[in-house]
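Biologist: Could you take me through one part of this model slowly, the place where the ligand sits? I'm new to this, so please explain the terms as you go.

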Amino acid sequence: MCGIMGYIGAKKASPILIEGLEKLEYRGYDSAGVAILDEGKIQVRKFKGKLSILKLDVEENPIEGNMGIGHTRWATHGEPSDVNSHPHKSSDGKIVVVHNGIIENYMEIKEELKSFGYKFLSDTDTEVIAHLLEYYYNGDILEAVKKAINKIEGAYGLGIIHADNPDMLIAVKKDSPLIVGIGEGENFIASDIPAVLKYTRKVYILENHEMAIVKKDSISLMKTDGTPITKEVFNVTWDVEAAEKGGYEHFMLKEIYEQPKAIRDTLLPRLSNGVDIKMDSINISKEYMKNLRRIYIVACGTAYHAGLIGKDILERYVRIPTIVDIASEFRYGYPFIDQNTLVIVVSQSGETADTLAALRLSKEKGARALAITNVVGSSIARESDDVLYTWAGPEIAVASTKAYTTQILALTLLALDMATKNESIAHEDKECIIENLTHLPSKVEEILSNVENINSIAEEIYRSQSMFYIGRGIDYDVAREGSLKLKEISYIHSEAIAAGELKHGTLALIEEGTPVIALVTQDRLYDKTLSNIKEVKARGAYVIAIAKEGNSEIQKSADKVIYIPDVIDEITPVPSIVPLQLLSYYVAYKRGCDIDKPKNLAKSVTVE
Ligand code: M6R
């Protein structure tokens, strides 16, 4: 995710752009820049780091000019740096582009343009668009844009300016949000409504394959092939704060709802024609697999819980012993690490102190380190031998949601890749998992479109003092994450127990009405967990089962059932956690908790 802002009018553009970008910082904040057209020349200022660095620079050395584009970045291709920051210029410096999204075929285009003599300064996918526009430009910028759009594949919200066309901004949209703000004698483009709310409440919301030619006094809307279109003006009624959260009351809820997109973004670039895995960013060869003796997965909190799911799929298909450890334990333990060990560190922020220390220790002992992280250029990404990014976009709420689901997917893709190289997975199994992964975003959408049952269950349990989560196998792993989610945002005591372990102690705590959330999604473990449900039921528990659609039998044993779409057992953790995230959210909401910023916790834990 990144934020785009554009302005054309009679006022000085730079302060308006920076103010707009401030409202978009939730979309990314590792670098920022603006490009302003003044007297036929485009000036670009861009810096790594927070928007405040750019703001200070522009305050100290003001830029004149009444039109321009700006960008706040969340790095995908190329680490955060001045040169990788947007805007990006064409070689002649006349065309400037800001971009939100990912250009999937940028390497191919880059090679082609290089062969024509174009020189690239950055590692970004965006820079190819600027050069491509110059390549196609033949006196008509619109024609050049149409041709470039035909050539690029992937997701893009684009803001484009051209020095020879000082009266227009061009906005293009596919799979990344973009709006046009309608002002009086001035107009705007932006990734999201809050950026323009100070100036106007009237906007056009662009749809895929649409573009806008935005002038001071007019806006022309068209398809990307040039066919003119008309659109209804959308009148914004929300306040700025609500608008930043996309109309959701909390970032956590917004991020729960962003999961289909985060899943798609993490999966699709790594699925080759929907039948194979392509892992360009990591370098694990068949040769390496031959000498690999053990795998460690090291992480904290939610990322640790994702690691537990990773162990299951790695051991099942790669057939290499895999140990999952909490980073703060691992670093003071006696791990078995040598050059035949792969240490996978998982971290949303890429800055968690314990995980970073575990990574450094592993490398010192000769292991190869592979990071799964959401933040390009983070310390963990920089210090690891290989990095597999989760493309979840910035996660603002302290409670991790979309990072967890995408971490599971990254681990699943990694396991499939390693198992292929290890020749330890049957072709049919791999095909079946990939097929199921492909449908995962729409399965999660299904859950998110029908939340009433979950909300009404929350209504029944939100006054509880204590709750338990039970399950077996990966259901138990998901139970641990569900339990963490509940306790951290609702402050209700909660524990996850391996269902078969209840009778060894925890059963003593089950009383009349104690909520027990029982995950029963694993076919081979179903009967066993059902017996454990009966055990807690017999002690008065109020059982809420998470089961696969079609299992009507479970209704006889549970008080309430939350159904998840039917997927193969290996990938149930993704659909299973979504209702548990929502349940925690609704419970915390009904208890009046500060959901996005729970007490005593921080988003990024950079101290030991
Ligand atoms: O940034 P990281 O993934 O390394 O963070 C690890 C934990 O601090 C984090 O997952 C924490 O447990 C979450 N807030 C839980 O929702």
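Modeller: Sure, start with the domains: the ligand lies between domain 2 (251–438) and domain 3 (449–590), because both give residues to the shell around it. Those domain bounds come from an automatic or database domain assignment. Before we zoom in, keep in mind that this is a predicted model, where local features need pLDDT of at least 70, side-chain atom pairs count only at pLDDT 80 or more, and totals for chains, interfaces and linings use all residues. Residues are numbered from 1 along each chain as its sequence is written, and side-chain values use heavy atoms, with hydrogens and water left out.

Now the shell itself. There are 14 residues around the ligand, and S347, Q348, S349, T352 and E488 come nearest; being near takes a heavy atom within 4 Å of the molecule. Sorted by class, the shell has 5 nonpolar, 7 polar and 2 charged residues. Here Ala, Val, Leu, Ile, Met, Phe, Trp, Tyr, Cys and Pro count as nonpolar, Asp, Glu, Lys and Arg as charged, and the others, Gly among them, as polar.

Next, look at the ligand's oxygen atoms. A polar side-chain atom of E488 lies 2.4 Å from one oxygen atom of the ligand. For K485, an N or O atom in the side chain is 2.8 Å from a ligand oxygen. With S400, the backbone does the job: one of its N or O atoms lies 2.8 Å from an oxygen atom of the ligand. We call a pair of N or O atoms within 3.5 Å a polar contact. As for cover, the ligand taken alone exposes 410 Å², and the protein buries 90% of that; these areas come from the Shrake-Rupley method with a 1.4 Å probe. Two elements, α10 (301–318) and α17 (474–490), give two or more residues to the shell.

If you step back, the protein chain has 19 helices and 26 strands, which are DSSP runs numbered from the N terminus (helices are H or I, at least four residues; strands are E, at least two). Follow α10 to its end and you reach the loop between α10 and β18 (322–326), where R319 lies. R319 has phi near 60 degrees, a positive value in a residue other than glycine. That stands out because most residues other than glycine have a negative phi. R319 also counts as exposed, at 61% relative accessibility, where exposed means over 50% with a 1.4 Å probe and protein chains only, buried means under 20%, and partly exposed is in between.

Technical notes: A polar contact is a pair of N or O atoms within 3.5 Å; within protein, one must be able to donate a hydrogen and the other to accept it, and residues adjacent in sequence count only if both atoms are side-chain atoms.
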